[in-house]
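Please look at the sequence and the 3D structure shown here before reading on. The report that follows moves from individual side chains to helices and then to the chain as a whole.

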Amino acid sequence: MDLLNLYQNNYLIVFVFLCLGVLLPVVALLIGKILRPYKPSAEKYTTYESGLDPFHDARVQFNVRYYVFALMFVIFDVETVFLYPWAVAYEKLGLFALIEMMIFVIMLLIGLIYAWKKKVLKWT
């Protein structure tokens with residue numbers, strides 16, 4: 001019975017954090033909307049570029065390679081987020097965790113080699 005209460009308690013804690021995670025931003029945005037001054041004018045709705053009137057269309061087409069490069073950076077940046085806690089708790093995790101992490105790193109290396117062969121990492 002005590003194990004069941006502990007199990008339900010864990011879900012209760014997750015539910016409380018989920019509610020707080022949703023409630024706090026909503027409350028902060030509502031308070032900001034209530035407290036901010038609201039004085040609309042035509043000048044506030046104009047496009048602003050360094051004090052000058054805009055002289056061309058703001059929608060400029062970029063090469064998709066920049067976005068792919070940024071996504072590759074994010075993927076390998078997230079890798080370090082997974083590696084750090086594993087490295088801190090390595091002594092407690094043992095050999096199984098080492099094998100799991102090696103599989104994870106090998107899969108990332110395969111992805112890196114694939115991107116390299118497809119010349120995704122070439123900047124120009």
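## Tyr90 and Trp86

In this predicted model, Tyr90 has a relative accessibility of 35%, and because buried means under 20% and exposed over 50%, Tyr90 counts as partly exposed. Its partner Trp86 has a relative accessible area of 18% and is therefore buried. The ring centres of Trp86 and Tyr90 lie 5.4 Å apart and their planes meet at 65°, so this pair is edge-to-face.

## A pair between two helices

How many aromatic pairs does a search of the whole structure find? The search finds two, and one of them is formed by Phe82 and Phe104, whose ring centres are 5.8 Å apart and whose planes stand at 80°, so that this pair is edge-to-face. Because Phe82 belongs to helix α2 and Phe104 to helix α4, the pair ties together parts of the chain that are 22 residues apart in sequence.

Are these two phenylalanines buried, exposed or partly exposed? Phe82, with 49% relative accessibility, counts as partly exposed, and Phe104, with 27% relative accessibility, counts as partly exposed as well.

## Helix α2 and its buried glutamate

Helix α2 covers residues 64-88. Its 25 residues should span 36 Å at 1.5 Å a residue, and because its end C-alpha atoms are 37 Å apart, the expected and modelled spans agree. The buried residues in α2 include Met72, Glu79 and Trp86, and what covers the buried residues of this helix includes α3 (90-93) and α4 (95-117).

Glu79 deserves a separate look. Although Glu79 is buried, it has no salt bridge, and the nearest side chain of opposite charge, that of Lys117, is 19 Å away. A salt bridge would require a side-chain nitrogen of Lys or Arg within 4 Å of a carboxyl oxygen, so the distance to Lys117 does not meet that cut-off. When residues up to four places away in sequence are left out, Glu79 touches Phe104, Val105 and Leu108.

## Helix α4

Helix α4 has 23 residues and reaches 33 Å from its first C-alpha to its last, which is close to the 33 Å expected at 1.5 Å a residue. Which residues of α4 are buried? They are Ala97, Met101, Leu108 and Ala115, and the elements that cover the buried residues of α4 include α2 and α3. Leu108 also appears among the residues that Glu79 touches. Just after α4, Lys119 takes a positive phi of about 60°.

## The chain as a whole

The secondary structure of the protein chain comes to four helices and zero strands, and read along the sequence it follows the pattern α-α-α-α. Of the 124 residues in the chain, 6% are buried, while the chain exposes about 11,900 Å², of which carbon and sulfur atoms supply 72%.

The contacts can also be sorted by how far apart the partners lie in the sequence. Among the contacts in the protein chain with a separation of 6 or more, 59% are between residues 24 or more positions apart.

Notes. Residues are numbered from 1 along each chain as its sequence is written. This is a predicted model: local features need pLDDT of at least 70, side-chain atom pairs count only at pLDDT 80 or more; totals for chains, interfaces and linings use all residues. Side-chain values use heavy atoms; hydrogens and water are left out. Helices (H or I, at least four residues) and strands (E, at least two) are DSSP runs, numbered from the N terminus. Buried means under 20% relative accessible area, exposed over 50%, partly exposed in between (1.4 Å probe, protein chains only). Lys and Arg count as positive and Asp and Glu as negative; His and the chain ends are not counted. Contact means heavy atoms within 4.5 Å. Accessible areas come from the Shrake-Rupley method with a 1.4 Å probe; for residues, only the protein chains shown count as cover. The expected span of a helix is 1.5 Å times one less than its number of residues. Rings of Phe, Tyr and Trp (its six-membered ring) pair if their centres lie within 6.5 Å; planes under 30 degrees apart count as stacked, over 60 as edge-to-face and the rest as tilted.
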